[in-house]
Amino acid sequence: MSFNTFGQALRLTTWGESHGSAIGCVVDGCPPGLPLEASEIQAELDRRRPGQSRHTTQRREPDEVRILSGVFPDATGRQVTTGTPIALVIENVDQRSKDYGDIASKFRPGHADYTYLQKYGIRDYRGGGRSSARETAMRVAGGAVARKIIDRVSVRAALVQIGPHRIDRSRWDWAEVARNPFFCPDPMAAAAWEGYLDGVRKAGSSAGAVIEVVADGVPPGWGAPLYGKLDQDLASAMMSINAVKAVEIGDGFAAAELSGEANADEMRIGNDGRPVFLSNHAGGIVGGISSGQQIVVRFAVKPTSSILQPRRTIDTGGRDTEIVTKGRHDPCVGIRAVPVGEAMMALVLADHKLRHRAQVGGP
Ligand SMILES: Cc1cc2nc3c(=O)[nH]c(=O)nc-3n(C[C@H](O)[C@H](O)[C@H](O)COP(=O)(O)O)c2cc1C
């Protein structure tokens with residue numbers, strides 16, 4: 001059995017551990033003829049890279065990606081995909097396994113140490129091994145390939161809440177996302193979060209967050225009822241990201257509080273003769289199929305479990321003990337989860353575009 005692959009027409013397989021020699025992925029099912037350079041994948045990876053501000057882990061990883069297979073120069077000399085598996089690799093260069101001496105024999109509450117050992121009877125404790133979010137770098141790399149397949153779709157994400165502090169949605173400005181270390185669309189919230197997160201870090205604590213991922217330009221028709229629903233696959237993809245504890249599509253949990261008439265996304269014929277929706281409570285997906293509206297997904301991540309605050313736990317010898325997790329950790333994993341959420345959305349949309357084309361044809 002293997003559970004390191006997801007997708008159907010477009011499949012991503014990732015491999016590697018946090019402190020192994022390298023991490024990598026294979027993207028299989030990518031159509032041929034799409035221009036693809038390592039620098040384009042690198043640009044996405046650079047947004048997720050650790051150590052870019054004091055608010056993320058200080059692990060220094062250049063995360064330099066190499067394309068090992070699946071590309072070749074076309075007749076004009078441009079490097080394009082060939083339709084064969086695209087293998088990508090990143091060497092791990094900043095491993096400090098000694099930082100993890102304590103967690104070799106103790107279980108971090110909230111982390112995967114205990115469950116991995118229970119399941120497999122052996123675990124690579126260096127940095128959490130396979131359970132480390134280092135793996136998410138390869139999701140971002142795979143997502144960069146997926147973006148090529150859905151080149152008319154824009155996939156963007158933003159941090160909309162840290163701990164109890166939410167953005168003011170009336171100040172939402174996508175341009176702000178690139179201007180602050182939080183991927184926050186509200187400049188005033190971003191300024192306030194600086195002090196809040198400094199306090200959290202200095203206290204040896206951590207904070208959770210909510211990320212919103214939005215896709216524009218998805219045509220009506222992607223997604224397949226009943227067991228290949230677009231919202232079902234998006235929820236699964238987001239939930240597979242480390243530390244994610246909840247996923248919402250459109251209004252999500254808030255929809256339960258609306259009346260039927262308030263929740264109805266009413267329709268009209270627009271000036272150009274095409275259908276127009278007057279609201280988007282559904283988040284762009286109805287009956288598991290995209291409606292042509294903006295697709296909106298939110299996910300919540302829990303606070304980082306590796307913290308300096310002492311916590312009660314047990315050790316591998318069956319004794320009660322305490323743990324203080326040193327080493328380099330994200331005080332809020334939600335920040336670096338923003339490009340990861342975008343990548344997962346791009347991978348699912350690209351998969352569904354290809355699945356839609358396989359069944360009903362089209363561009
Ligand atoms: C981008 C990102 C960075 C993360 N960094 C850390 C970290 O530095 N320390 C930590 O304990 N957990 C970190 N996590 C979360 C753990 O990987 C995750 O909690 C762990 O694998 C257990 O899985 P679960 O929380 O999904 O149940 C990070 C998660 C993401 C998405």
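**Exercise 1. Find what holds polar contacts with the ligand in this predicted model.**

Start with Asn242: an N or O atom in its side chain is 3.1 Å from an oxygen atom of the ligand. Next, turn to the backbone. Ser131 has a backbone N or O atom 2.8 Å from a ligand oxygen, and for Asp330 the corresponding distance is 3.0 Å. Finally, look at coverage: on its own the ligand has 630 Å² of accessible area, and the protein covers 86% of that.

**Exercise 2. Describe the shell around the ligand: which residues come nearest, and how many are nonpolar, polar and charged?**

Begin with distance. The shell has 16 residues, and those that come nearest are Ser131, Ala243, Lys302, Ser306 and His329. Then sort the shell by character: six residues are nonpolar, seven are polar and three are charged.

**Exercise 3. Decide whether Thr56 is buried or exposed.**

First locate Thr56: it sits in the loop that runs between helix H1 (38-48) and strand E4 (65-67). Now check its relative accessibility, which is 6%; because buried means under 20%, Thr56 counts as buried. To see its surroundings, leave out residues up to four places away in sequence: Thr56 then touches Pro50, Gly51, Asp330, Pro331, Ile335 and Arg336.

**Exercise 4. Explore the largest nonpolar core.**

This core has 76 residues, and Ile41, Leu88, Ile295, Phe299, Met345 and Leu349 touch the most other members. Helix H8 (residues 337-360) supplies the largest share, 12 residues. Now zoom in on Ile41. Beyond four places in sequence, its contacts include Leu36, Val65, Ile67 and Leu88, along with Ala141, Ala144 and Val145.

Definitions and conventions:
Residues are numbered from 1 along each chain as its sequence is written. This is a predicted model: local features need pLDDT of at least 70, side-chain atom pairs count only at pLDDT 80 or more; totals for chains, interfaces and linings use all residues. Side-chain values use heavy atoms; hydrogens and water are left out. A nonpolar core is a set of buried Ala, Val, Leu, Ile, Met, Phe, Trp, Tyr and Cys residues joined through side-chain atoms within 4.5 Å. Buried means under 20% relative accessible area, exposed over 50%, partly exposed in between (1.4 Å probe, protein chains only). Helices (H or I, at least four residues) and strands (E, at least two) are DSSP runs, numbered from the N terminus. Contact means heavy atoms within 4.5 Å. A residue is near a molecule or strand if one of its heavy atoms lies within 4 Å of it. A polar contact is a pair of N or O atoms within 3.5 Å; within protein, one must be able to donate a hydrogen and the other to accept it, and residues adjacent in sequence count only if both atoms are side-chain atoms. Accessible areas come from the Shrake-Rupley method with a 1.4 Å probe; for residues, only the protein chains shown count as cover. Ala, Val, Leu, Ile, Met, Phe, Trp, Tyr, Cys and Pro count as nonpolar, Asp, Glu, Lys and Arg as charged, and the others, Gly among them, as polar.
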